[in-house]
Each structure stands twice: as C-alpha cells, then as structure tokens.
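Visitor: I should like to discuss the ligand site and the aromatic contacts of this structure. May we begin with the terms required?

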Amino acid sequence: MKNLLVTGGAGFIGSNFVHYMLERYNYKLVVFDKLTYAGRMENLDRVASNPNFRFVQGDICELEAVRAVVREHQIDTIVNFAAETHVDRSILGPFEFTETNIRGTQVLLEVAREQQLERFHHISTDEVYGAIPAPNRSKEGDPLEPRSPYSASKAGAEHLVYAYFVTYGLPVTTTRGSNNIGPFHYPEKAVPLFTTNALDNQPLPMYGDGMQQRDYQYVEDHCEGIDVVLHKGQLGEIYNVGTGVETHNIDMARKILDLLGKPHSLITYVADRAGHDRRYALDVSKLQALGWHSRHSFDQALEKTVRWFVDNEAWWRPIKSGEYMDYYRRQYVEREGR
Ligand code: NAD
Ligand code: TYD
C-alpha cells in the first residue's frame, strides 16, 4: 500500500481520515470528490500543502474519470467514503442515493478489478442491519435488513463489494461504522445540528419521543479502526466499528445543552422520521481481536465535538445559509408546526 485513492475525502469522515493517515504514514493520498453540498475543500485546508496530498474533483459514477485518476496517480488502494449520507435527505429524494452509493461503488469496483489494485476498502454503516431490539447486538454475519433508502443503498453497495470478492477475487475489506461525531461534521446530522442550534438559542428538533438509541463514536476512533483493517484485516471480511455503547437521543441532546450552559427547554419534540430505526447496537469484538479499541467514551467524544464547534464557528456559520436553509425549511418548518 503506497498510493491511496480516498473517495469522498472532502466530507466529514473522509477528511478526518486524510488527516489521520497523513500524520501517521508516508503514503500518498489522492482525494477524489465530487464536492456535493457535503464536500468542502476547507475540510482539507490543513493538508493542502502536504507533498503527500493531492485533490482531484470528480464523480465516482463516471468510469473514465475514475480510470484516469487511478492510472495517473498509480493508485494501488481505494478507500471508498464517497456517498450520499443523510437519511432524511434519502427520504426526500432517494434516487441520488442509489446512483452514487450503488452504481458509483460498482464503477470503483470495476476500475479496481481492471487495474488489478491491491485493495478495495469499502466504508459501510451499522444501519445496514436495520433496527435492533435490545438486548441484541449486530454481528458481522447477521442478516441485513435495511429500512431507509439510505441504508438500503449502502447494503446494495456491500453486496456488490462481496460479489466482486467471490466472483473476481478482488481483494476487498469492509467496515461497518456506527454514528460518528467530531470535527467537520456537516450540521444537518443530529449532533452538529443540535450543537449549532443551541449556540444560536434555536430549538433542537427531537424526532418522535427521543428514545431512539445510537452508538455515537469519535470520528478518529473510526479512522483508526479503518487503519487497522487496512493493515491487518482479512480479505473478504467485514468488521463492525463502534464503541459498543448506545445513548438515547434525548440524553445526547441534554448533554449538549449542559456542555453549552443552555436550558433543556430548547428541546422541541417534532414529528418522527418516517421508518425511524429505534436502535442500532454493534458487537465490536471481531475488530477488537485485531488489537483495536475505541479510545473515547461517549462523554469524551461529545465534549471534544462540542468544543470544536464552539471554537470553529467560522467553519459552520457560512454553511448554515443558502442551500442549507432551503433544506432546513423543507425538513423542519412543517414538522415544528410553524
Ligand atoms: P459526508 O456526507 O460528510 O461526505 C460525503 C462525501 O462524499 C462528500 O465529500 C461528497 O462531496 C462526496 N461525494 C458524494 N457523492 C459523490 C460522488 N458521486 N462522487 C464523488 N464524491 C462524492 O459523509 P460522511 O458522514 O463523511 O460519510 C462517509 C462515509 O461513511 C459514507 O460512505 C457513509 O455512508 C459512511 N458512514 C458514515 C457514518 C456517519 O456517522 N457519518 C457512519 C458510518 C458510515
Ligand atoms: P442522524 O445524525 O441523522 O444519524 P442517523 O439517522 O444516520 O443515525 O440522526 C441521529 C439520531 O438523531 C437519529 O435517531 C435521528 C435523530 N434526529 C433527531 O431527533 N432530530 C434531527 O433533527 C435529526 C437530524 C436526527
């Protein structure tokens, strides 16, 4: 592994992964990103002048563009973060999710096969398992029962990745991460949305009864999990990445408000998300057996995250205008009964 193509590297987790890898290894990292609303060049400012870093704007659905970047930079490894990622947007407009998440992944797989790459690593999600009733935890061999257009498209992509392993012998690995939080998290997702709304004394829109559970992990821990699988994972295998501890959304929201010294009365219950998965919960013992462990508890992860948003208003304030406000109005105004 010398030259990595990081698709979606201008997004939240991808940019954190680029920072993480450039700090630890002498690999060349080429970010290939379409720069959708979620892809931000400023997420990569810190590494812009690093000689091991390159940026190429492009769409993973375009075969010729992917082929060209792989050839030009002598890529031997693809790490595929590129995706449409927000469940609520997948409910409003599902087609883009199928296009990028499934067809785009297949384009990357085809190029990886044709160019005989050393590794194709695919970034998936715990949402492919569907809603998991307590006290169960998902293991990698469990059936996939995705229930949103987003998670269905991520499950579809995974099936293709595995099919290329079995059919063509492509050297693949996959990680299924739980909810990430941390720097550069686009403020449409719950934790950065609640944090930035709280800073502006705006309501925190809580879907349904707020008793849904998520395993919120610090993004750097997820990046380390991917690193471990890239170096020690077995080909054809899937690894869960998360803390193995779940938090109710209402408790997450209250903790954000406490950290910011804001009143709990900012929490506003709104209409639930259609098909809202009540609980995700991972068994992470398979990755732990490779020597990985999550370094941040939920409280530590949340504290670091909230502090980052307090300190980086110049990053999120401009995002919360224009396209974002159009989306926000469509998504929330009716829900809040305004
Ligand atoms: P994000 O929405 O912040 O970033 C996605 C990035 O992909 C953006 O930079 C965007 O410009 C790029 N992109 C979108 N379509 C593209 C295309 N057709 N071609 C090239 N680039 C394209 O997402 P994220 O939260 O960083 O998630 C990254 C990956 O991790 C996704 O595959 C997601 O499914 C997965 N994941 C996310 C979480 C989470 O909590 N955020 C958890 C588990 C897995
Ligand atoms: P989100 O960050 O969208 O991640 P995901 O749906 O992929 O898990 O949402 C996290 C949880 O917070 C999820 O249970 C939905 C809930 N949520 C709200 O209650 N209000 C909101 O405005 C958003 C965006 C999410």
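Guide: A polar contact is a pair of N or O atoms within 3.5 Å. Please note that the model is a predicted one.

Visitor: How far is an oxygen atom of ligand 1 from a polar backbone atom of Phe81?

Guide: A polar contact requires N or O atoms within 3.5 Å. The backbone of Phe81 offers a polar atom that satisfies this limit with an oxygen atom of ligand 1, the distance being 3.0 Å.

Visitor: How much of the accessible area of ligand 1 does the protein cover?

Guide: On its own, ligand 1 has 830 Å² of accessible area. Of this area, the protein covers 97%.

Visitor: Which element gives the most residues to the shell around ligand 1?

Guide: Helix H1 (12–24), strand E5 (119–125) and helix H5 (149–168) each supply at least two residues of this shell. With three residues, the element that gives the most is E5.

Visitor: How many aromatic pairs does a search of the whole structure find?

Guide: Rings of Phe, Tyr and Trp pair if their centres lie within 6.5 Å. A search of the whole structure on this basis finds a number of aromatic pairs equal to 16.

Visitor: How many residues apart in sequence are the parts that the pair of Phe184 and Trp315 ties together?

Guide: Phe184 and Trp315 form an edge-to-face pair, 5.9 Å centre to centre with 75° between the planes. Both residues, Phe184 and Trp315, are buried. Phe184 lies in the loop between strand E7 (180–181) and helix H6 (190–199), and Trp315 in helix H11, so the pair joins parts whose separation in sequence is 131 residues.

Notes:
Residues numbered from 1 in each chain as written. Chains lettered and ligands numbered in written order. Predicted model: local features only at pLDDT ≥ 70, side-chain atom pairs only at ≥ 80, totals over all residues. Heavy atoms only, no water. Polar contact = N/O pair within 3.5 Å; in protein donor to acceptor, adjacent residues only side chain to side chain. Areas by Shrake-Rupley, 256 points an atom, 1.4 Å probe, with all protein chains shown as cover. Helix = DSSP H or I, 4+ residues; strand = E, 2+ residues; numbered from the N terminus. Phe/Tyr/Trp six-rings, centres within 6.5 Å; stacked < 30°, edge-to-face > 60°. Buried < 20%, exposed > 50% of the residue type's maximum accessible area, 1.4 Å probe, protein only.
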